[in-house]
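Open the model in your viewer and keep the selection panel at hand. The stops below each give something to select and then say what is there.

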Amino acid sequence: MPTEKTDTTIALPPPKTRGVQSLEEVLQRRRSIRELATPPLTWGEIGQLLWSAQGITNAEGLRTTPSAGALYPMELYVATADGVFHYEPRAHAVTRTLDADVRAELRKLSLDQDCMNAPCVVIMAAVAERVTKKYPEVGDICVKLEVGHAMQNLLLQVTALGLASVPVGAFDPRKLRKLLRLPADQEVMYLAPVGRGK
Ligand SMILES: Cc1cc2nc3c(=O)[nH]c(=O)nc-3n(C[C@H](O)[C@H](O)[C@H](O)COP(=O)(O)O)c2cc1C
């Protein structure tokens with residue numbers, strides 16, 4: 001179990017905004033891949049994935065993923081062998097929140113699925129209240145729609161980088177929040193184990 005909170009911050013390399021494959025090629029090739037090779041991803045690769053899902057792309061702070069009212073309810077985390085890290089979109093950096101490898105526990109709390117055996121798991125959490133307090137009727141659904149946008153961006157970026165992933169929605173959100181020591185207002189919405197294809 002994680003025991004320590006640390007404040008180590010890692011500046012991520014600037015995201016690339018040019019790739020070698022067209023969007024259409026990436027759409028054609030995206031596939032859920034459940035057998036993931038375990039060698040670690042580089043921080044450059046992880047940073048590119050986080051940017052694709054929540055990176056800031058203009059001076060006003062708008063992001064790669066659309067957001068109802070530009071309220072940005074999502075918080076992204078990444079679990080690696082080195083701990084759990086929170087993505088800070090403004091700085092394009094990650095800050096370590098847990099100094100322990102929680103990936104085996106993450107897997108257990110996700111129906112023990114083999115696909116969770118990955119060098120890196122991206123955790124998409126959200127603070128629904130950021131949206132529901134402005135849009136009480138549709139806020140909850142807007143948050144779920146936004147998480148879907150972010151996941152699709154990430155899966156396309158995974159494909160463009162030649163990596164492999166599968167979106168995982170089968171997990172126990174309350175136990176995951178506890179494991180990851182998330183604030184009470186954050187709920188885990190979606191997971192993406194990412195590795196290299198076997
Ligand atoms: C909301 C959602 C949750 C999913 N959860 C899981 C999951 O927990 N485990 C899994 O192996 N695949 C999961 N998938 C992936 C689907 O099984 C997969 O997208 C589907 O079989 C179609 O294959 P494709 O993604 O290769 O096109 C999920 C997909 C969605 C959209």
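Begin by selecting strands β4 (residues 83–88) and β5, which run antiparallel and are joined by five bridges. Strands here are DSSP runs of type E with at least two residues, helices are runs of type H or I with at least four, and both are numbered from the N terminus. Two strands are said to pair if DSSP finds at least two bridges between them.

Before going further, note that this is a predicted model, in which local features need pLDDT of at least 70, side-chain atom pairs count only at pLDDT 80 or more, and totals for chains, interfaces and linings use all residues. Residues are numbered from 1 along each chain as its sequence is written, and side-chain values use heavy atoms, with hydrogens and water left out.

**Stop 1: the strands around β4 and β5**

Stay with β4 and β5 and pick out the facing residues. Val84 stands opposite Leu98 in β5, and Glu88 has Ala93 of β5 as its bridge partner. Four residues lie between the two strands of this hairpin, and His92 there takes a positive phi near 45°.

Now colour by burial. Buried means under 20% relative accessible area, exposed means over 50%, and partly exposed is in between, using a 1.4 Å probe and protein chains only. Strand β5 covers residues 93–98, and six of its six residues are buried. In β4, five of the six residues are buried, so the strand is largely enclosed by the rest of the structure.

Next add β1 (residues 9–11), which pairs with β5 in the antiparallel sense over three bridges. Ala11 stands opposite Ala93 in β5. Then add β3, which runs antiparallel to β4 and is joined to it by four bridges. A hairpin of two residues connects β3 to β4, and Thr80 stands opposite Gly83 in β4.

**Stop 2: two loop residues with positive phi**

Select Ala70, in the loop between α2 and β3 (74–80). Ala70 is not a glycine, yet has a positive phi of about 50°. Its relative accessibility is 39%, so Ala70 counts as partly exposed.

Move to Leu111, in the loop between α3 (103–108) and β6 (120–126). Leu111 also is a residue other than glycine with a positive phi, here near 60°. Is Leu111 buried or exposed? Leu111 is exposed, because its relative accessible area is 65%.

**Stop 3: Glu45 in helix α2**

Select helix α2 (residues 43–54) and find Glu45 within it. Glu45 has a relative accessible area of 15%, which means that it is buried. Which side chain joins that of Glu45 in a polar contact of 2.8 Å? The partner is Arg196. A polar contact is a pair of N or O atoms within 3.5 Å; within protein, one must be able to donate a hydrogen and the other to accept it, and residues adjacent in sequence count only if both atoms are side-chain atoms.

Show the surroundings of Glu45 as well. Setting aside neighbours within four places in sequence, Glu45 is in contact (heavy atoms within 4.5 Å) with Leu161, Leu163 and Arg196.

**Stop 4: Gln21 and a distant part of the chain**

Go to Gln21, in the loop between β1 and α1 (23–29). Gln21 is partly exposed, because its relative accessibility is 26%. Draw a distance from its C-alpha atom to that of Thr159: the two residues are 138 residues apart along the chain, and the atoms are separated by 9.7 Å.

Not counting residues up to four places away in sequence, Gln21 touches Val26, Arg29, Thr159 and Ala160. A polar atom of the Gln21 side chain lies 3.3 Å from the backbone oxygen of Ala160.

**Stop 5: the ligand**

Finally, select the ligand and the residues with a heavy atom within 4 Å of it. The surrounding residues are Arg30, Arg31, Ser32, Arg34, Gln113, Val166, Pro167, Val168, Gly169, Ala170 and Tyr190.

Then turn to the oxygen atoms of the ligand. A polar side-chain atom of Arg31 lies 2.7 Å from one ligand oxygen atom, and a polar side-chain atom of Arg34 lies 2.6 Å from a ligand oxygen atom. A polar backbone atom of Ala170 is 3.3 Å from an oxygen atom of the ligand.
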